[in-house]
Structures are given as C-alpha cells and as structure tokens.
Amino acid sequence: MRWEDFRRSDNIEDVRGEGGFGGGGGFPMPGGGRGLGIGTIIILGLIGWFLGIDPRILIGGAEVFQGPGQQTQRQAPPAQKGAPKDRQGDFVAAVVGSTEDVWSDIFRANNMQYRAPRLRLFSGATGAGACGMAQSAMGPFYCPPDKRIFLDTAFFREMEQKFRACKGKQCEFAQAYVIAHEVGHHVQNLLGILPRVQQMQRAAGSKAQANNIQVRVELQADCLGGVWANHARRRKDFIDPGDIEGAIGIASAIGDDRIQRQTQGRVVPDSFTHGSAEQRVRWFKRGLESGRVSDCDTFKTANL
C-alpha cells in the first residue's frame, strides 16, 4: 500500500504512553452489567478482540445497549493533537486523512456536510468519555455519543501475529480497512442509522433478533470501508498486489463463525454480532467493487 502521499488528518489525539490510565475499568456494560457474570465478561472480552463499534453494543446478545446516560464518564488524559511523528502514527493520520477527503466528497455530492470523527491513539487503556473505558482487549471501536474512534495500534501487531492473514507491509491495507470500518460506523451515525438501530434493538423480541440487527450494522460498515477504498483508489492508485487479499484475509479471520469455532469449538449463528467470515468478505468486496453507498444497504436485504 502506497500511503505516503495521503493528506494527514489533524483529528488525531495521541495519548500513547499514558497506558493504564484510570485503573480497573473493563467493558462499559449496559445498565451496569446487570446479570452478566465474570465468566461471561471474560468470554465477551475474548470475542471482543476484533473490529467493532461501541463496546456496549459489541456485547450484542448478552444485553442490549441502554444508552450513554447509565455509563460512568471518565476524564481522558491530555492529548497530543495533530499528526503523530512516528511511522505507525503517521500511517494512521494518513489513512484518516484519506477517509476525510473521500467522505467529504461523497457527502458534498449529496448536498450534505461531512463532519469528521476524532481518532484517539492509546496504549493499554484510556478514558472513553460516554463509552466509559477503552482497553486494548476491546479492539478498535467507535463511540457514537462522542463521535470518536479508539485505537490501540497493538491490535495491528495482533492482526499479523494472531490472525496470520497478512504479513509485513502487505498488512498495511488490512490495517487501513480496520480504520475505514470504524469510520464507516461514524458515517452511519451521521446518517442517523445508529440511533435507529438502537431503537430497533430495544424493540427486538429476542436476543437473536437484536443480534441480527447488529450484524447488519457491522456488515454495512464493512461495505462502507470498501466504498472508501474504491474512491481513494480513483484519486490515487495506492493499492499494491496482495493488498486486497490481505484485507480479505482479515475480514475472513474476524468472522463470528471463525472466532466462535476457535474460542468455544462450535458455531452459534443466532449469537453472531458481526457476521460470518463469508458475509464480511462479501460485503467489503461489494463496496470495494461498486463504490456506491446505496449498495451497502444491509437493512433492505433479507439474505445477508
């Protein structure tokens, strides 16, 4: 992936080096985590080590998100703002800058204004405002009330070492896909999709139904990540041979079926919150190939 010419975003908050801030913490649990034992939380923590949204929603199926008012606000440490100077931070700022340029163009073409999210780089743990606490074990996530993305870049090392879906520089496009997926959640928030989803989940008649709604949210974010790559590629052909295969490998590795098989030895489709490996790959490729947001409407299709 040739990203060096991308514009760097100024919407980066770098608090790396403040690892362990706040002490304790854990997942911000809906309703204070009523009814969830420590064993369940540990299992959810393991499953949570992949792409996601607000960790309260990642629990998807254990309990449905109840709203930010029940969460403990945690004061975040002072952040270094602007593009970081190290290579990893510079890469993140470049990818975020590209997403800003692409989504600004797409929104403008539809007579809308794109308001970019802020991305907080951290090490270990950091305060996550309305979403409580961000910890490495959660993986990257988007906090809708704060319109912030939280990312511990240690997750990128895990992508190569644990998932083994890419290697070396080939992993950079897969890492960009991770960021673009989270930005996709921000796009959903701006379009009013996430608030409607939360209402739908509260009204769901079962955990399985609530999970199915969440799967649609995640697959749409995968597709929107593909839309970003399509438009960014039109601006500058930055994708090298093997890059797309690396991203597809990651999308496949973090499918719910793959993760469940590895962590519990069996697959329970009704408990999916992010979609199967095949679904994640298919929806990412759909956005990548078409470049049209309209092709990412996972809520209008019966068969995901």
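Here is a conversation about reading disulfides, aromatic pairs and a helix contact in a predicted model.

Biologist: Let's start with the cysteines. How many disulfides does a search of the whole structure find?

Modeller: Two, bearing in mind that this is a predicted model. A disulfide is called when two cysteine sulfur atoms lie within 2.5 Å. The search of the whole structure turns up two such links. In one of them, the sulfur atoms of Cys131 and Cys143 sit 2.1 Å apart.

Biologist: Which hand does the link of Cys131 and Cys143 have?

Modeller: Look at the angle about the S-S bond, which is 95 degrees here, and the link is right-handed. Cys131 is in the loop between strand S4 (125-127) and strand S5 (133-135), while Cys143 belongs to strand S6 (residues 141-143), so the disulfide ties together parts twelve residues apart in sequence.

Biologist: And are these two cysteines buried or exposed?

Modeller: The cut-off to keep in mind is that buried means under 20% relative accessible area. Cys131 comes out at 0%, so it is buried. Cys143 is also at 0% relative accessibility and therefore counts as buried.

Biologist: What about Cys223 and Cys296: how far apart are their sulfur atoms?

Modeller: They are 2.0 Å apart, and the two residues form a disulfide. This link is left-handed, with -70 degrees about the S-S bond. Cys223 lies in helix H7 (residues 207-235) and Cys296 in the segment after helix H10 (277-290), so the link joins parts that are 73 residues apart in sequence. Cys223 is buried at 0% relative accessibility, and Cys296 is buried at 0% as well.

Biologist: Now the aromatics. How do I read a pair of rings?

Modeller: You describe a pair of aromatic rings by the distance of the centres and the angle of the planes. Searching the whole structure gives nine aromatic pairs. Take Phe107 and Tyr114: their ring centres are 5.3 Å apart and their planes meet at 65 degrees, so this pair is edge-to-face. Phe107 is buried, with a relative accessible area of 4%, and Tyr114 is buried too, at 9%.

Biologist: What kind of pair do Phe173 and Phe238 make?

Modeller: A tilted one, because the planes are at 55 degrees, with the ring centres 6.1 Å apart. This pair links distant parts of the chain: Phe173 is in helix H5 (residues 171-190) and Phe238 in the loop between H7 and helix H8 (243-253), 65 residues apart. Phe173 is buried at 0% relative accessible area, and Phe238 is buried at 0% also.

Biologist: Which residues form one aromatic cluster with Phe173 and Phe238?

Modeller: Phe6 and Trp228 join them in one aromatic cluster. Keep Trp228 in mind, since it is also one of the H7 residues in the helix contact with H3.

Biologist: Good, then let's do that contact. At what angle do helix H3 and H7 pack?

Modeller: For a helix pair, look at the angle and the axis distance. Helix H3 (residues 87-109) and H7 pack at about 90 degrees, with their axes 9 Å apart. Angles of 65 to 115 degrees count as roughly perpendicular, so H3 is roughly perpendicular to H7.

Biologist: Which residues make the contact?

Modeller: On the H3 side they include Val95, Ser98, Val102, Trp103 and Ile106, and on the H7 side Leu224, Val227, Trp228, His231 and Arg235 are among them.

Biologist: How do the residues of the contact of H3 with H7 divide?

Modeller: Into eight nonpolar, three polar and three charged. Asp101 and Asp105 of H3 are among the contact residues, and Ala232 of H7 takes part too.

Terms used. Residues numbered from 1 in each chain as written. Predicted model: local features only at pLDDT ≥ 70, side-chain atom pairs only at ≥ 80, totals over all residues. Heavy atoms only, no water. Helix = DSSP H or I, 4+ residues; strand = E, 2+ residues; numbered from the N terminus. Buried < 20%, exposed > 50% of the residue type's maximum accessible area, 1.4 Å probe, protein only. Phe/Tyr/Trp six-rings, centres within 6.5 Å; stacked < 30°, edge-to-face > 60°. Axes fitted to C-alpha atoms, helices over the stretch in contact; angles between N-to-C directions. Parallel < 35°, antiparallel > 145°, perpendicular 65-115°, else oblique. Contact = heavy atoms within 4.5 Å. Nonpolar A, V, L, I, M, F, W, Y, C, P; charged D, E, K, R; others polar.
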